[in-house]
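Visitor: I would like to go through this model one question at a time. Please give the reasoning before each value.

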Amino acid sequence: MTQRPAPRHLLALAQLSNSVGDGAYCTTSALYFTQVVGLSPARVGLGLTVGWAAGSLAGVPLGRLADRRGPRGTAVLLALGTALAVASFTAVRGFLPFVLVACGYAAAQSGLAAARQALLAVLVAAGERTGLLARLQATLNAGLAVGAGLGGLALHSGTRGAYLAVFVLDAVSFLVCAGLLSALPAAAPGAVAGVVPGRRPAGPGVLRDRPYARVAALNTVLLLRLPLLSLVLPLWITTRTEAPAWLVSGLFVLNTAAVTLFQVRAARGVDGVGPATRAVRRAGWVMLAACAVFALSAGHGTAWAVGLLVLGAVLQVAAETGQSAGSWQLSFELAPPDRVGEYQGFFGTGVTVARTVGPLVLTSLLVEWGTPGWLLLGAVTLGASYAMGPAARRAQDREVCLRRPRAARSAAT
C-alpha cells in the first residue's frame with residue numbers, strides 16, 4: 001500500500017508549483033502587456049493598481065469563506081480561479097478587459113493566500129506553523145528563481161508565442177497546485193484545535209478588531225521594503241551610483257538565494273508573541289543599517305559602490321527574513337482560532353498595499369531625496385518595529401479575553 005504524502009510535503013509542492021509559474025509571469029508580463037497587447041506602460045500600471053486594490057478588498061471575505069466552508073475546498077477553487085484568470089490574459093485585447101481580468105486575478109490570488117494559511121492552521125500544530133512557513137518561503141524563492149530563468153528565455157526570444165507559452169505555464173502551474181491541494185486531508189470548517197466544528201465564528205470580525213488592525217498596519221509599514229529590489233534599487237544603481245547595471249540582476253539572485261538558504265534558520269526560536277516581537281525589533285535595526293549603507297553607495301567609485309550595494313543587500317535580506325518570521329508568528333498567534341482565514345486575509349492585504357503604494361512613495365523618497373530619504377526610511381522602519389511590541393501585547397490581551405467566553409461555550413456544549 002502506497003503511503004500518502006505528508007500534508008507539509010504537499011503544501012511545499014503546491015507552493016513550488018505555482019511559484020515557478022509566478023516567477024515566469026512576473027518576469028515577462030509587463031513586456032507582454034505593452035509589446036504584444038499594445039497597452040501603454042501608464043495603462044498597465046493603472047490597471048494593475050486597480051486590480052490589486054480589488055484584490056486587497058477580496059482577501060477578508062474570501063478568507064471568511066474558507067473559515068465557514070472549509071479551507072481545502074476554498075483553496076482549490078481559488079487556485080482554479082487563478083489559473084482561469086492567467087489564461088484569460090492571453091485573450092485580452094484592450095484596456096477594459098485587461099482591468100477586469102487583473103481584478104479577477106488579484107482577487108483569486110489574495111483569497112488563495114488566505115485560504116492556504118487557514119488550511120495550514122488546520123493541518124499543522126500551532127508551534128510548528130512559523131517553521132513550516134519559513135520552509136514554504138524558501139521553496140517559494142527557489143521556485144521564483146527557476147521561473148525567472150524560464151521567463152528570461154522568453155524575453156530572449158521576444159516572440160508572441162514565447163510570451164504566450166509563459167502564460168500557459170503559469171496557468172498550468174496553478175492547475176497542478178489545485179490538484180496537490182485537493183490531495184490534502186479534508187478538514188471541516190473551524191477544525192482548528194479548541195474550536196467546535198460547524199459552529200459559526202463568534203465575535204465582531206477582523207474589521208472591528210482594532211488591536212489586530214494596529215499590528216497589521218505596522219506590518220504594512222515594515223513591508224514597504226518590498227519594492228526595493230524590483231524597482232528602487234535598479235533606479236538607484238543606474239541614476240545615483242557608479243555601479244554597473246548588471247548588478248541589479250546580481251542583487252536579485254543574491255536575495256533569492258539567501259532567503260532560500262537562511263529563512264528557515266531565521267525562524268528558529270520564533271514560537272510566541274515575545275520572540276516574534278524581538279525578531280521584528282532586531283530586523284528594524286538591521287534594516288536601518290541597510291538603508292545607511294545603500295545611501296553611502298552614491299558618490300563613490302565603481303568598486304566601492306559595488307561593495308556597499310552588496311553589503312546593503314546582505315543586510316536587507318537579513319532584515320527581511322527576521323521580519324517575515326516575526327510577522328508570520330504574530331499573524332497566527334493573535335488571530336482567533338475560528339477566524340484564521342478571515343484574519344489572514346486581512347493581514348495579507350499589507351502585501352498588496354505595500355506593493356501598490358510603495359513604488360510611488362519609495363521612488364520619491366529614495367531616488368529623488370537620496371541620503372535623507374534612505375535615513376528616513378530606516379528610521380520609520382525602526383519606529384514601526386519598536387511599536388510592534390506594545391501593539392502585539394494589546395492584541396494578545398484582547399484575544400485572551402475573547403477566548404474565555406469561547407471556552408465556556410465549548411464546555412457547555
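Visitor: In which helix does Gln 35 lie, and is Gln 35 buried or exposed?
Guide: Gln 35 is a residue of helix H1. The model is a predicted one, and in it the relative accessible area of Gln 35 is 53%. Exposed means over 50%, so with 53% Gln 35 is exposed.

Visitor: How far apart are the C-alpha atoms of Gln 35 and Leu 207?
Guide: Along the chain, Gln 35 and Leu 207 are 172 residues apart. In space, their C-alpha atoms are separated by 41 Å.

Visitor: What is the distance between the end C-alpha atoms of H1, and what span should its residues have?
Guide: H1 has 30 residues, and at 1.5 Å a residue they should span 44 Å. The expected span agrees with the distance between the end C-alpha atoms of H1, which is 40 Å.

Visitor: At which residue does H1 bend, and which residue just after H1 takes a positive phi?
Guide: The bend in H1 is about 45° and is located at Thr 28. Just after the helix comes a positive phi of about 95°, taken by Gly 38.

Visitor: How are the rings of Tyr 25 and Phe 167 arranged?
Guide: A pair of aromatic rings is described by the distance of the centres and the angle of the planes. For Tyr 25 and Phe 167 the centres are 5.5 Å apart and the planes stand at 85°. Planes over 60 degrees apart count as edge-to-face, so the pair of Tyr 25 and Phe 167 is edge-to-face.

Visitor: How many residues apart in sequence are the parts that this pair ties together?
Guide: Tyr 25 belongs to helix H1 (residues 7–36), whereas Phe 167 belongs to helix H6 (residues 160–182). The pair therefore ties together parts whose separation in sequence is 142 residues.

Visitor: Are Tyr 25 and Phe 167 buried or exposed?
Guide: The relative accessible area of Tyr 25 is 7%, and that of Phe 167 is 1%. Buried means under 20%, so Tyr 25 is buried and Phe 167 also counts as buried.

Visitor: Which residues form one aromatic cluster, and how many aromatic pairs are there?
Guide: The cluster includes Tyr 25 and Phe 167. Also in the cluster are Tyr 32, Phe 33, Trp 52, Phe 89, Phe 98, Tyr 105 and Tyr 163. With centres within 6.5 Å as the rule for a pair, the count of aromatic pairs is 18.

Visitor: Which residues outside its near neighbours in sequence is Gln 109 in contact with?
Guide: Gln 109 lies in helix H4. Its relative accessibility is 15%, so Gln 109 counts as buried. Leaving aside neighbours within four places in sequence, Gln 109 is in contact with Asp 22, Trp 52, Thr 82 and Phe 174.

Visitor: Is Leu 96 buried or exposed?
Guide: Leu 96 is found in helix H4 (residues 95–123). The C-alpha atoms of Leu 96 and Gly 47 are 8.5 Å apart in space, with their positions 49 residues apart in sequence. The relative accessible area of Leu 96 is 58%, so Leu 96 is exposed.

Visitor: Which rings do Arg 43 and Arg 281 lie over?
Guide: Arg 43 is 4.6 Å from the centre of the ring whose face it lies over, that of Phe 95. For the charged end of Arg 281 the distance to the ring centre is 5.8 Å, and the ring is that of Tyr 386.

Visitor: Which helices do the buried residues of H9 pack against?
Guide: Among the buried residues of H9 are Leu 247, Leu 251, Asn 255 and Val 259. H9 also bends by about 45° at Leu 261. Its buried residues pack against helix H5 (129–157), helix H8 (227–240) and helix H11 (302–333).

Visitor: In which helix is confidence lowest, and in which is it highest?
Guide: The protein chain has a mean pLDDT of 88, and 91% of its residues reach 70 or more. The lowest confidence is a mean of 80, in helix H13 (residues 371–412). The highest is 97, in helix H10 (residues 273–296).

Visitor: How many contacts does the model have for residues 404–413 beyond four places in sequence?
Guide: Over residues 404–413 the pLDDT stays under 50. Beyond four places in sequence, the number of contacts in the model for this stretch is 10.

Terms used: Residues numbered from 1 in each chain as written. Predicted model: local features only at pLDDT ≥ 70, side-chain atom pairs only at ≥ 80, totals over all residues. Heavy atoms only, no water. pLDDT = per-residue confidence, 0-100. Helix = DSSP H or I, 4+ residues; strand = E, 2+ residues; numbered from the N terminus. Contact = heavy atoms within 4.5 Å. Phe/Tyr/Trp six-rings, centres within 6.5 Å; stacked < 30°, edge-to-face > 60°. Buried < 20%, exposed > 50% of the residue type's maximum accessible area, 1.4 Å probe, protein only. Lys NZ or Arg CZ within 6 Å of the ring centre and 35° of its normal. Expected span 1.5 Å × (residues − 1). Bend = angle between axes of the 7 residues up to and from the residue.
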